[in-house]
Amino acid sequence: MSHTRRSRRRTTSSERVSDAGGGEAATYGVTVEGDVVGLATLEPDWERRTGNLALWLAPAERGREYAQEVGDLLVDVVFDDLDLDLVAVHHDVGADTARRALEKFLERNGGRFEARIRNAVNRGGELVDQRRYTLSRAEYRDE
């Protein structure tokens with residue numbers, strides 16, 4: 001199944017570029033006016049009815065509201081197309097740009113900071129803490 005969406009506000013779009021794990025996760029190219037400026041991943045956890053999202057944008061493209069637009073697009077896929085109940089996003093502690101973008105998105109759409117998860121991931125032998133944010137279908141406000 002392909003999910004191609006165009007933002008209502010600008011020319012940002014997210015189009016699936018690959019599947020991983022037998023189609024259980026999708027990676028989307030984030031494009032602005034035809035140029036790829038980042039990648040987003042959506043990995044459904046069917047048992048927990050949760051869509052796990054991740055986003056990377058090129059450093060020169062950060063701070064331009066693209067994270068907000070991609071978030072809107074992927075949340076729609078999670079709730080409308082996949083019929084899941086929860087969106088979850090994590091970022092490394094200390095990634096202040098990611099924290100600010102997530103807080104802004106949640107302020108606008110509902111949702112909350114859930115927890116700091118200690119030793120959440122191993123990056124090249126270094127254990128890194130992460131912050132977890134969630135947005136439930138009930139909290140989501142379509143604005």
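Let me start with residues 1-14, where pLDDT, the predictor's confidence in each residue from 0 to 100, stays under 50, although the model has 53 contacts there beyond four places in sequence, a contact meaning heavy atoms within 4.5 Å. Residues 17-21 also stay under 50 in pLDDT, and for them the model has nine contacts beyond four places in sequence.

This is a predicted model, in which local features need pLDDT of at least 70 and side-chain atom pairs count only at pLDDT 80 or more, while totals for chains, interfaces and linings use all residues. Residues are numbered from 1 along each chain as its sequence is written, and side-chain values use heavy atoms, with hydrogens and water left out.

For the protein as a whole, the mean pLDDT is 84, and 82% of residues reach 70 or more. Among its elements, strand S1 (residues 4-6) has the lowest mean, 44, and strand S8 (residues 126-136) the highest, 97. Along the sequence the order is β-β-β-β-β-α-β-α-β-β, with helices (H or I, at least four residues) and strands (E, at least two) taken as DSSP runs numbered from the N terminus.

Turning to the largest pocket, its space comes to about 990 Å³. Of the 40 residues lining this pocket, Leu55, Ala67, Val89, Ala98 and Leu102 are the closest to its centre; a pocket here is an open set of points on a 1 Å grid where a 1.4 Å probe fits, with protein on both sides within 12 Å along at least five of seven lines, and lining residues have an atom within 4 Å of a point. Helix H2 gives the largest share of that lining, eight residues.

Methods
Points joined across faces, edges and corners; volume = space filled by probe spheres on them.
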